[in-house]
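The following exercises concern salt bridges, solvent accessibility and annotated positions. Each task is followed by a solution in steps.

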Amino acid sequence: MKRVAILISGGGSNMVALAESMVGDHPARPCVVIANDPDAGGLAKAAALGIPTAVVDHRDFPKDRNGFEGALHASLEEYQPDFVCLAGFMRILGAGFVGQYAGRMLNIHPSLLPKYKGLHTHARALEAGDTNHGCSVHEVTADLDDGPILGQARIEVVADDTPETLAQRLLPLEHQLYPAVLRRYVMGDRTPVYLPSAPVMP
């Protein structure tokens, strides 16, 4: 049985979707949820699901990313994960940290990558006049939001959409896509998953 660590910064809805998918004949189980904020709402949700939790507060390492990442790595290694999922983890991780989990770390990003890497993706899609928007699951590499794409889901942009409505409508698809990709990934299958069913053309 593979072990999956999940990193969060906030409410953890994607973490819950991942954790609740890892049951029955799933080849993996969650081994820990780690937050970089002690007030992250997802910590209580993880505890309610019976998942061990930990906090590595980035504010304890002002202007010291190496120190933070060293502490994060040490916390992770206490649980010996086979894979790491970033689920709303709002810290940029350096090449040294990422390299320790090369080929074993996933992230979900709220855009149809390679479009709109970084923040404010919903607003940027609206500003560009896009007719489609979506989310992507990708393997994490040293470059921000730049690893191989392993899955995408899309929604149509409608005339009265706002960044908030796009985020709200996209979230249920994130909760479907990320677990679907993870299940394949832990079995060594890197074939991309597309929702609804066709490749997304950004």
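**Exercise 1: Position 92**

Task: State where I92 is found, and determine which residues it contacts beyond its sequence neighbours.

Solution. Step 1. I92 is found in the loop between β4 and α4, where helices (H or I, at least four residues) and strands (E, at least two) are DSSP runs numbered from the N terminus. The model is predicted: local features need pLDDT of at least 70, side-chain atom pairs count only at pLDDT 80 or more, and totals for chains, interfaces and linings use all residues. Residues are numbered from 1 along each chain as its sequence is written, and side-chain values use heavy atoms, with hydrogens and water left out.

Step 2. I92 counts as exposed because its relative accessibility is 54%; the classes are buried (under 20% relative accessible area), exposed (over 50%) and partly exposed (in between), computed with a 1.4 Å probe on protein chains only.

Step 3. With neighbours within four places in sequence left aside, I92 contacts R65, E69 and L144, contact being heavy atoms within 4.5 Å.

**Exercise 2: The pair R65 and E69**

Task: Characterise the interaction between the side chains of R65 and E69.

Solution. Step 1. The two side chains form a salt bridge with an N to O distance of 3.6 Å; the criterion is a side-chain nitrogen of Lys or Arg within 4 Å of a carboxyl oxygen of Asp or Glu.

Step 2. Both R65 and E69 belong to helix α3 (residues 65-77), 4 residues apart, about one turn of the helix.

Step 3. R65 is partly exposed at a relative accessible area of 45%, whereas E69 is buried at 7%.

**Exercise 3: Two further salt bridges**

Task: Give the N and O separation for K115 with D130 and for D161 with R169, and assign each residue an accessibility class.

Solution. Step 1. In the salt bridge of K115 with D130, the closest N and O atoms are 3.4 Å apart. This pair links distant parts of the chain, 15 residues apart: K115 lies in the loop between β5 (105-109) and α5 (121-127), and D130 in the loop between α5 and β6 (132-139).

Step 2. K115 is partly exposed at 29%, while D130 is buried at 13%.

Step 3. D161 and R169 meet in a salt bridge at 2.4 Å, N to O. D161 is buried at 10% relative accessibility, and R169 is partly exposed at 35%.
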